[in-house]
Amino acid sequence: MMLSNIRCLKIPSCLLCQSFSNSYSCILNHKQLSPVLILSVVLVYTILLFAITFYTSRNADNQSYFVGNRSSRWYVVAYGMIGASLSGVTFMSVPGDVGTGNFSYFQMVLGYLLGYAVIAFVLLPVYYRMNLTSIYTYLKSRLGEKTYKTGAFFFILSRVVGASFRMYIVVYVLQLFIFQAWGVPFWVTVLVFVLLILSYTFKGGVKTIVWTDSLQTTFMLLSLFISVYLIAKDLDFSFGDVLSSIKSSPYSDIFVWDWKSKVFFPKHFFGGMFIAIAMTGLDQEMMQKNISCRNVGESQKNMMTFSIILVFVNFIFLCLGALLYIFIQNQGIVIPERTTDDLFPTIAMHYLGNFSAICFIIGLISAAYPSADGALTALTASVCIDFLGFEEGKYNEVQKTRIRKSVHIIFGAVLLGVIVLFHAINDQAVIRQIFRAANYTYGPLLGLFAFGILTKRNVIDKAVPLIGILSPVICYIVDVNSVQWFGGYKFGNELIILNGGITFLGLLLLTKNKTATQL
């Protein structure tokens with residue numbers, strides 16, 4: 001191919017390419033979408049979000065905020081959880097990852113199915129039988145006060161870091177495409193984003209989020225399917241051509257059988273299973289929507305329906321990734337190796353026209369809002385119930401409302417501070433390690449709940465926080481030395497199983513002679 005026919009993506013003047021790494025890239029002589037147009041799209045979307053908020057938050061009280069008055073319709077929850085489960089990171093990274101990992105990510109997605117079944121038929125019956133508002137109250141009833149606080153603490157730590165990272169990626173893109181051109185400081189952009197989320201979750205809480213998540217899922221899915229359609233149209237592919245080209249491409253391989261690989265099928269599958277159990281079934285943000293359903297039967301229908309839809313949506317994201325790589329090969333576009341986060345936004349924003357760019361922006365913010373609004377509500381619920389004793393009769397309803405709103409605002413400020421800190425670090429590799437470190441904190445939750453449900457033993461409650469701290473530390477040491485210690489073995493998603501197992505073993509060593517009554 002002649003050099004003149006190659007369109008190189010590595011142009012340092014492109015704002016998007018500078019957003020994540022110096023090696024990221026842009027197209028030559030592309031047209032930048034108008035910041036005013038992008039901002040208009042974001043504003044119209046946000047206005048629609050507030051209209052739904054106004055309608056759903058009427059006559060809302062504390063029970064509406066925490067559990068949606070336990071009157072949410074299961075199919076609305078199931079549909080909305082798709083958007084809540086797929087963050088802006090997933091929206092940008094999963095398609096780009098196809099270039100290096102093929103469809104191996106789907107192995108983990110298949111593991112999700114088994115994990116969600118465990119949630120539906122093991123965890124949800126426990127939560128409903130105990131009529132929980134905060135799921136960590138189970139640990140108090142089963143194992144003790146210190147264990148309860150340990151579980152709630154690890155959730156708060158995990159969710160603050162995880163939600164901040166997901167918001168950071170999206171806000172950074174909006175900053176580069178809109179506000180930087182107008183000289184607006186990054187922290188102001190973050191402040192505006194956080195204030196918007198605070199505004200529409202401030203009163204309605206879960207009752208509102210169940211419906212706003214549904215709206216955001218709709219726009220995210222529309223963005224996904226329209227992107228697939230526009231690429232296929234540009235390539236002059238029929239539906240059959242799309243399927244055959246993906247199937248015959250080198251990207252469609254799913255299963256990996258190299259036991260040393262991080263994506264070896266058993267590791268990826270069972271890692272996905274336990275990630276689903278820990279990061280959905282043991283996560284207050286995700287579970288507070290499930291326990292807002294009318295009864296356990298409806299909640300189980302919600303969970304299983306959601307899991308099947310999620311598998312399908314993830315597969316479409318992978319197909320989109322394969323199409324993106326087929327597209328750049330067809331167009332003679334040369335890209336650098338590190339394109340996981342950059343590929344989809346670059347193609348959508350600069351190669352497929354303004355309509356594609358608008359769809360991408362809508363899809364991105366639709367994936368970002370659920371990550372942030374659900375996190376704020378869940379963090380507020382955990383602090384109010386798990387640490388301030390809302391269910392212990394300490395406060396009347398007026399006091400609860402005042403305290404809850406104050407905590408809500410405080411967590412908004414916390415997320416603002418962490419996002420600005422990520423920006424100050426200005427090192428994507430370091431930030432991603434921080435985000436990955438948050439995954440370690442779900443391991444202790446997995447061990448704590450597994451011990452409570454699978455055994456009848458009691459523990460030395462006051463020693464549990466030490467186990468919670470030591471487990472991730474030991475897990476990290478094993479992870480960084482695994483290649484040397486285990487003949488080239490690299491941990492992947494099964495690391496959370498190791499983490500939970502270390503916690504479980506530590507609890508066994510701290511057991512009392514007296515057995516507990518199963519809840």
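A salt bridge here is a side-chain nitrogen of Lys or Arg within 4 Å of a carboxyl oxygen of Asp or Glu. By that rule, E145 bridges to K140, with the closest N and O atoms 3.7 Å apart. The model is predicted: local features need pLDDT of at least 70, side-chain atom pairs count only at pLDDT 80 or more, and totals for chains, interfaces and linings use all residues. Residues are numbered from 1 along each chain as its sequence is written, and side-chain values use heavy atoms, with hydrogens and water left out.

## Overall build

The chain holds 22 helices and four strands. Helices (H or I, at least four residues) and strands (E, at least two) are DSSP runs, numbered from the N terminus. Of the 519 residues, 59% are buried. Buried means under 20% relative accessible area, exposed means over 50%, and partly exposed lies in between (1.4 Å probe, protein chains only).

The accessible surface of the chain is about 20,700 Å², and carbon and sulfur atoms own 65% of that area. Areas come from the Shrake-Rupley method with a 1.4 Å probe; for residues, only the protein chains shown count as cover. Among contacts with a separation of 6 or more, 84% join residues 24 or more positions apart. A contact means heavy atoms within 4.5 Å.

## Salt bridges

The count comes to five salt bridges. Three of them are tabulated here.

| Acidic residue | Basic residue | Closest N to O distance |
|---|---|---|
| E145 | K140 | 3.7 Å |
| D283 | R159 | 2.6 Å |
| E285 | R159 | 2.9 Å |

R159 takes part in two of these rows, with D283 and with E285. D283 lies in the loop between α12 (265-281) and α13 (284-290) while R159 is in helix α8, so their bridge ties together parts 124 residues apart in sequence. D283 is buried at 0% relative accessibility. R159 is buried too, at 7%.

E285 sits in helix α13 and R159 in helix α8, so this pair ties together parts 126 residues apart in sequence. Both E285 and R159 are buried. Elsewhere, salt bridges that share partners join K140, E145 and K149 into one network. In that network, E145 is partly exposed at 32% relative accessibility, and K140 is partly exposed at 31%.

## Aromatic pairs

A pair of aromatic rings is described by the distance of the centres and the angle of the planes. Rings of Phe, Tyr and Trp (its six-membered ring) pair if their centres lie within 6.5 Å; planes under 30 degrees apart count as stacked, over 60 as edge-to-face and the rest as tilted. The structure holds 29 such pairs.

Y136 and F449 have ring centres 6.3 Å apart and planes at 70 degrees, so the pair is edge-to-face. Y136 lies in the loop between α6 (105-129) and α7 (137-142) and F449 in helix α19 (residues 442-454), so the pair ties together parts 313 residues apart in sequence. Y136 is buried, at 0% relative accessibility. F449 is buried as well, at 2%.

Y168 and F422 are also edge-to-face, 5.9 Å centre to centre with 75 degrees between the planes. Y168 in helix α8 (residues 145-179) meets F422 in helix α17 (residues 397-425), linking parts of the chain 254 residues apart. Y168 is buried at 2% relative accessible area, and F422 at 3%. Both rings belong to one aromatic cluster, formed by F165, Y168, Y172, F186 and F422.

A charge also meets a ring. The charged end of K267 sits over the ring of Y489, 4.1 Å from its centre. The rule asks for NZ of Lys or CZ of Arg within 6 Å of the ring centre and within 35 degrees of the ring normal.

## Surface and loops

I469, V473, Y476, I477, V480, W485 and F486 make a nonpolar surface patch of about 690 Å². Patches are made of residues with over 30% relative accessible area and no salt bridge: like charges are joined within 9 Å, nonpolar side chains (Val, Leu, Ile, Met, Phe, Trp, Tyr) within 5 Å. Helix α20 (residues 464-480) gives the most to the patch, with five residues. V473 lies in this helix and is partly exposed, at 44% relative accessible area.

Two loop residues other than glycine have positive phi. N131, with phi near 55 degrees, lies in the loop between α6 and α7 and is exposed at 51%. D236, with phi near 60 degrees, lies in the loop between α10 (206-234) and α11 (239-248) and is exposed at 67%.
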